[in-house]
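Visitor: Could you take me through one part of this model up close? I would like to see how two packed helices sit against each other, and then look at a couple of individual residues.

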Amino acid sequence: MKIILNIWRQQNATSAGRMVRYEVPNANEHMSFLEMLDVLNEELTRKGEDPVTFEHDCREGICGCCGFMIDGVPHGPQRGTTVCQLHMRHFQDGDELWLEPFRAKAFPVIKDLMVDRSSFDRIIASGGFISVNTGSAPDGNALPIIKRCADMAMDAAACIGCGACVASCPNASASLFVSAKISHLGQLPQGQAERDRRATRMVLKMTEEGFGYCTNTGECEAVCPKGITIENIARMHRDYIKASATFREEASGGGAG
């Protein structure tokens with residue numbers, strides 16, 4: 001099958017970019033989308049041209065590295081799928097596709113389709129953890145957890161930090177990502193001691209990194225490859241408001257005694 005690709009080529013974050021048209025005449029339906037790009041890059045390398053830069057690692061839909069826009073949709077047209085798990089059988093012979101990097105102030109372009117998502121790492125470092133001593137694995141039944149809470153924690157923990165939620169949001173908000181990390185730990189007994197501090201620090205860091213505010217458009221949930229829901233955003237807001245009220249009360253002396 002023949003695929004026509006219009007790919008955003010940009011040397012670095014400060015240089016101007018442009019769309020470049022390529023043809024892949026020898027793609028087949030059994031290839032993943034990234035394998036199809038590998039074929040294109042092999043041909044470009046043989047011609048002495050600069051191959052298309054894109055990020056990838058596991059190619060199993062786990063690491064979240066591979067995301068970019070396909071026809072204006074993060075990860076492409078197949079819902080619940082990362083680019084690396086998107087296969088060419090979902091396209092037709094002769095299709096023309098437009099590939100662009102995720103667009104957000106907090107995700108500067110490194111080169112071509114690859115962006116810098118280290119802002120996510122800094123948000124996690126600000127509070128997305130539990131401060132406990134490490135050691136041997138605890139007994140699995142030592143801390144009974146209500147099944148409903150365990151299920152919600154596991155659902156939130158499925159977030160792979162790909163950034164599709166940011167790319168799809170008209171405000172470039174990272175609220176779905178941040179709320180998933182806050183909800184994951186906030187639903188477990190181990191996460192309660194730092195719950196207020198975690199919500200406050202991570203929300204403030206999200207703003208500091210240049211992400212926009214959530215206005216409940218729901219685009220993030222629609223494109224999330226792991227089905228993270230905006231219920232987590234509501235939970236994050238409740239935790240943040242509660243924590244802010246507590247800190248204000250303590251600062252005014254209302255919590256003394």
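Guide: Happy to. In this predicted model, helix H2, residues 118-127, packs with helix H6, residues 195-208, at an angle of about 155°, and their axes are 8 Å apart. Angles over 145 degrees count as roughly antiparallel, so H2 and H6 are roughly antiparallel to each other. The crossing in which H2 passes H6 is right-handed.

Now for the side of each helix that takes part. H2 brings Arg-122, Ile-123, Ile-124, Ser-126 and Gly-127 to the contact, and H6 meets them with Arg-198, Arg-201, Met-202, Lys-205 and Met-206. By character, the residues of this contact comprise four nonpolar, two polar and four charged.

From there, let us move to helix H4, residues 164-168, where you will find Ala-167. Ala-167 has a relative accessible area of 14%; buried means under 20%, so Ala-167 is buried. Leaving aside neighbours within four places in sequence, Ala-167 is in contact with Met-69, Pro-74 and Phe-102. One of these partners, Pro-74, lies 93 residues away along the chain, yet its C-alpha atom is 6.7 Å from that of Ala-167.

A last stop is Ser-179, in helix H5, residues 175-186. Ser-179 is buried too, with a relative accessible area of 0%. Its side chain reaches the backbone nitrogen of Ile-233 at 3.4 Å. Not counting residues up to four places away in sequence, Ser-179 touches Asn-232 and Met-236 as well as Ile-233.

Notes: Residues are numbered from 1 along each chain as its sequence is written. This is a predicted model: local features need pLDDT of at least 70, side-chain atom pairs count only at pLDDT 80 or more; totals for chains, interfaces and linings use all residues. Side-chain values use heavy atoms; hydrogens and water are left out. Axes are lines fitted to C-alpha atoms, for helices over the stretch in contact, and angles run from 0 to 180 degrees between N-to-C directions. Helices (H or I, at least four residues) and strands (E, at least two) are DSSP runs, numbered from the N terminus. Angles under 35 degrees count as roughly parallel, over 145 as roughly antiparallel, 65 to 115 as roughly perpendicular and the rest as oblique. A crossing is left-handed if the near helix is turned anticlockwise from the far one by less than a right angle, and right-handed if clockwise. Contact means heavy atoms within 4.5 Å. Ala, Val, Leu, Ile, Met, Phe, Trp, Tyr, Cys and Pro count as nonpolar, Asp, Glu, Lys and Arg as charged, and the others, Gly among them, as polar. Buried means under 20% relative accessible area, exposed over 50%, partly exposed in between (1.4 Å probe, protein chains only). A polar contact is a pair of N or O atoms within 3.5 Å; within protein, one must be able to donate a hydrogen and the other to accept it, and residues adjacent in sequence count only if both atoms are side-chain atoms.
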